[in-house]
Structures are given as C-alpha cells and as structure tokens.
Amino acid sequence: MKAVIQRVKYAKVTIDGKVTGNCEQGFMILLGVVDGDTKADADKLIRKIPVLRVFEDDMGKMNRSCLDIDGEMLIISQFTLAADCSHGRRPSFTDAAPPSVAIPLYEYFVNGIKKAGVKRVETGEFGADMKVELLNDGPVTIILDSKEL
C-alpha cells in the first residue's frame with residue numbers, strides 16, 4: 001500500500017462541480033492499494049501516519065504530529081500510485097489491486113485513521129473523476145510504502 005502524504009493548510013475534493021470532502025490544517029493523503037496488499041499493510045500506515053511529527057512546534061521545529069495539533073485529513077483513493085513506468089511511455093497499472101480488493105482496504109484504512117483519533121477525516125469517492133485542490137504547507141510531502149515499514 002502506498003501513501004503520498006502532504007501537509008496542508010487546506011484541501012478539498014470536487015466531483016462534478018460539488019465539493020464532496022475537505023479538510024483544514026492537517027494531511028491530504030493519496031492512497032494506492034497494490035495487488036497483494038492486506039489489512040496488515042493498512043495497519044502499518046494507520047499506526048504511522050497520524051503520529052508523523054511534521055508539524056512545527058513553538059520553536060519552529062517539525063516536532064508535532066497531526067494528532068498533537070488536532071489536525072484533519074482528506075483521504076483520496078489513487079490507483080495510479082501503482083504505476084509501472086519501466087517500459088515505454090505509457091504507464092501500466094496492472095500492479096494496482098482490483099476494486100474488489102482495493103475498495104474494502106481503502107475503507108478499512110479510512111476507518112482505522114478515524115479510530116486513531118484524528119479530529120476529522122473526509123474522503124473522495126473511489127473510482128470517480130475527482131479534482132483535488134490543496135495548499136501544501138512547507139511544502140512537506142512524504143511518500144510511504146507499507147512494504148518498506
């Protein structure tokens with residue numbers, strides 16, 4: 001399972017011109033479920049992401065977590081994180097988990113983040129054509145792969 005985590009001042013997702021999810025200060029997460037991922041992969045990310053110390057403390061050091069600042073999260077499904085660009089110019093997405101596997105794992109991840117104590121968690125819509133707008137703070141962007149944790 002792959003996650004691109006961006007520290008944001010705000011983020012929102014729009015589908016067909018309607019805002020369907022948003023967050024204020026916190027994380028906007030793009031989450032890709034890869035073929036072979038399990039709940040154990042999601043659990044690794046659930047344990048790690050809310051406590052990543054990337055928010056500034058009073059001394060200006062990245063020393064506080066999303067939980068510490070009562071941050072919010074917007075989580076967007078992103079199958080293209082499983083892209084294989086090793087051959088030619090057109091990425092292959094055969095490593096992405098099929099929807100029958102990816103949707104339950106995506107929902108499991110979202111629920112796990114909520115249970116971890118994040119103040120507010122919103123999402124996009126799996127498989128929809130989404131427009132994501134955000135103000136990256138820093139910028140701070142971190143990429144996590146559950147296979148490397």
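In this predicted model, a good place to start is the pair R7 and D137, whose side chains meet in a salt bridge with an N to O distance of 3.4 Å. R7 belongs to strand β1 and D137 to strand β8, so this contact ties together parts that lie 130 residues apart in sequence. From there, we can follow β1 to its neighbours, look at other charged pairs, and finish with the largest pocket.

**The R7 and D137 pair**

- R7 has a relative accessibility of 5%, so it counts as buried, given that buried means under 20%.
- D137 is also on the buried side of that cut-off, because its relative accessibility is 16%.
- The pair has company: salt bridges with shared partners join R7, K9 and D137 into one network.

**Strand β1 and its partners**

- Strand β1 covers residues 2-15, and 10 of its 14 residues are buried, so the rest of the structure largely encloses this strand.
- β1 runs antiparallel to strand β8 (residues 131-145), and 11 bridges join the two.
- One place to see the pairing with β8 is A3, which stands opposite L144.
- β1 also runs antiparallel to β3, with 7 bridges joining them.
- To find a point of contact with β3, look at K2, whose bridge partner there is G32.
- Strand β2 (residues 18-23) pairs with β1 as well, in the antiparallel sense and over 5 bridges.
- On the β2 side, C23 is the bridge partner of A11.
- β1 and β2 form a hairpin with 2 residues between them.
- In the turn of this hairpin, D16 has a positive phi of about 50 degrees.

**Other salt bridges**

- How many salt bridges does a search of the whole structure find? The search finds 8 of them.
- One of these joins E122 and R120, with their closest N and O atoms 3.1 Å apart.
- E122 has a relative accessible area of 23%, so it is partly exposed.
- R120 counts as partly exposed too, because its relative accessibility is 26%.
- Another salt bridge links D129 with K131, where the closest N and O atoms are 3.3 Å apart.
- Are D129 and K131 buried or exposed? D129 is exposed, with a relative accessible area of 57%, and K131 counts as exposed at 52% relative accessibility.
- The cut-off behind both labels is that exposed means over 50%.

**The largest pocket**

- Rolling a probe the size of a water molecule over the atoms shows where empty space is left.
- The largest pocket holds about 330 Å³ of space.
- Its lining is made up of 18 residues, and those closest to the pocket centre are S77, Q78, F79, G127 and M130.
- Which elements give two or more residues to this lining? They are β3 (26-32), β6 (72-77) and α2 (99-115).
- β3 therefore appears twice in this briefing, because it is joined to β1 by bridges and also contributes to the pocket lining.
- Sorted by class, the lining has 12 nonpolar, 5 polar and 1 charged residues.

Notes. Residues numbered from 1 in each chain as written. Predicted model: local features only at pLDDT ≥ 70, side-chain atom pairs only at ≥ 80, totals over all residues. Heavy atoms only, no water. 1 Å grid on protein atoms, 1.4 Å probe; cavity = no way out; pocket = protein on both sides within 12 Å on 5 of 7 lines; lining within 4 Å. Points joined across faces, edges and corners; volume = space filled by probe spheres on them. Helix = DSSP H or I, 4+ residues; strand = E, 2+ residues; numbered from the N terminus. Nonpolar A, V, L, I, M, F, W, Y, C, P; charged D, E, K, R; others polar. Buried < 20%, exposed > 50% of the residue type's maximum accessible area, 1.4 Å probe, protein only. Pairing = 2+ DSSP bridges. Salt bridge = Lys/Arg side-chain N within 4 Å of Asp/Glu carboxyl O.
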